[in-house]
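Colleague: Before I rely on any of the labels used for this model, I would like to hear the reasoning behind them. Could we take them in turn, with the value set against its cut-off each time?

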Amino acid sequence: MSTVGLYVPGDGPAHRAPAGAKLLVLLVAVSAMLLAGDLRVALAAVAAAVLLYPLCGLAPRHVWRTVRPLLVFVAVIGVFQWYAADAQTAVRVCAQLVAAVLLAGLVTLTTKVSAMLALFERLAGPLRHVGVRPDRVALTLALTIRCIPLVATAYRNSREAYAARGLRGRPHLLVVPVIVGLIRSAEAMGEAMVARGID
């Protein structure tokens, strides 16, 4: 399960809090952690983020599902930072990244997409004076959120077909099927929008 665009129903304080307030707290917390630039603060932020999940009514598995896609990326950054600086810097940077992703995931899991899009539409309101339609901004964000899982689905379907044909050791063969699958999804989405009068 991806955390992108997936709201986990609940009635805890985090679920009831307005989307704007949660984004503001996220911004302040991550900014403070980065400005502190301290290993102990970064590790404490990771521990606090992990503890917040059950406190907000989320199962521990959501912590793993949020961090899992990041592991390879974190490992690469850690090795680079260790080579460019030192081990302490590497651990600090990786901890900051994990903490930021966990906190952002917490906001995503406790906030309905509709509430988030309504917030962005309100924030884009002043752009109306320069010819930008706030509803189109919200639509663009909605399509972006919807298309991220589509990419994962297209890749998974192509990988399963690749394995079913007994192919091994040639991952570049997945590129074309994934692109074709995404183009078909985009065409279907475009036709659906036109059918509903969205140009």
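Colleague: Why is His62 called buried?

Modeller: In this predicted model, His62 has a relative accessible area of 5%, and since buried means under 20%, His62 counts as buried. The residue is found in helix H4, and, once residues up to four places away in sequence are set aside, His62 touches Val8, Tyr53 and Leu109.

Colleague: Lys22 carries a charged side chain by class, so what makes Lys22 count as buried?

Modeller: The label rests on the accessible area and not on the class of the residue: Lys22 has 10% relative accessibility, which is under the limit of 20%, and therefore counts as buried. Lys22 lies in helix H2 and, leaving aside neighbours within four places in sequence, is in contact with Ala14, His15, Ala17, Val107, Thr110 and Thr111. Lys22 and Leu106 are 84 residues apart in sequence, while their C-alpha atoms are 9.4 Å apart in space.

Colleague: Why is Val101 called partly exposed?

Modeller: The relative accessibility of Val101 is 23%, and because the partly exposed class lies between the 20% and 50% limits, Val101 counts as partly exposed. Val101 is found in helix H6 and touches Thr66 and Leu70, not counting residues up to four places away in sequence. With Thr66, the separation is 35 residues in sequence and 7.4 Å in space, taken from C-alpha to C-alpha.

Colleague: And what makes Val178 count as buried?

Modeller: Val178 has 13% relative accessibility, which falls under 20%, so Val178 counts as buried. Val178 is found in helix H9, residues 175-195, where, apart from residues up to four places away in sequence, Val178 touches Ala154, Tyr155 and Ser158. Val178 and Val151 are 27 residues apart in sequence and 7.8 Å apart in space, again C-alpha to C-alpha.

Colleague: Why is H2 described as roughly perpendicular to H7?

Modeller: H2 and helix H7, which covers residues 113-123, pack at an angle of about 80°, with their axes 9 Å apart. Angles of 65 to 115 degrees count as roughly perpendicular, and that makes H2 roughly perpendicular to H7. The residues making this contact are Ala19, Gly20 and Leu23 of H2 together with Ala115, Met116, Leu119 and Phe120 of H7.

Colleague: How many nonpolar, polar and charged residues does the contact of H2 with H7 have?

Modeller: By class, this contact has 6 nonpolar residues, 1 polar residue and no charged residues. Gly counts as polar in this scheme, and Gly20 is among the residues contributed by H2.

Colleague: Which residues touch the most other members of the largest nonpolar core?

Modeller: The largest nonpolar core has 26 residues, among which Tyr53, Leu58, Val98 and Leu102 touch the most other members. Helix H2 (19-36), helix H3 (39-55), helix H4 (61-67) and helix H6 (87-109) each supply at least two residues of this core, and H6 gives the largest share, 9 residues. Leu58 is in contact with Val8, Tyr53, Leu106, Leu109 and Thr110, leaving aside neighbours within four places in sequence. As background, nonpolar side chains tend to be buried together in soluble globular proteins.

Colleague: How do you know that the pattern along the sequence is α-α-α-α-α-α-α-α-α?

Modeller: The protein has 9 helices and 0 strands, and read along the sequence this gives the pattern α-α-α-α-α-α-α-α-α.

Colleague: What share of the contacts in the protein with a separation of 6 or more comes from residues 24 or more positions apart?

Modeller: Residues 24 or more positions apart account for 70% of those contacts. For the protein as a whole, buried residues make up 28% of the 199 residues, and the accessible surface comes to about 12,600 Å², of which 69% belongs to carbon and sulfur atoms.

Key:
Residues are numbered from 1 along each chain as its sequence is written. Side-chain values use heavy atoms; hydrogens and water are left out. A nonpolar core is a set of buried Ala, Val, Leu, Ile, Met, Phe, Trp, Tyr and Cys residues joined through side-chain atoms within 4.5 Å. Buried means under 20% relative accessible area, exposed over 50%, partly exposed in between (1.4 Å probe, protein chains only). Helices (H or I, at least four residues) and strands (E, at least two) are DSSP runs, numbered from the N terminus. Contact means heavy atoms within 4.5 Å. Axes are lines fitted to C-alpha atoms, for helices over the stretch in contact, and angles run from 0 to 180 degrees between N-to-C directions. Angles under 35 degrees count as roughly parallel, over 145 as roughly antiparallel, 65 to 115 as roughly perpendicular and the rest as oblique. Accessible areas come from the Shrake-Rupley method with a 1.4 Å probe; for residues, only the protein chains shown count as cover.
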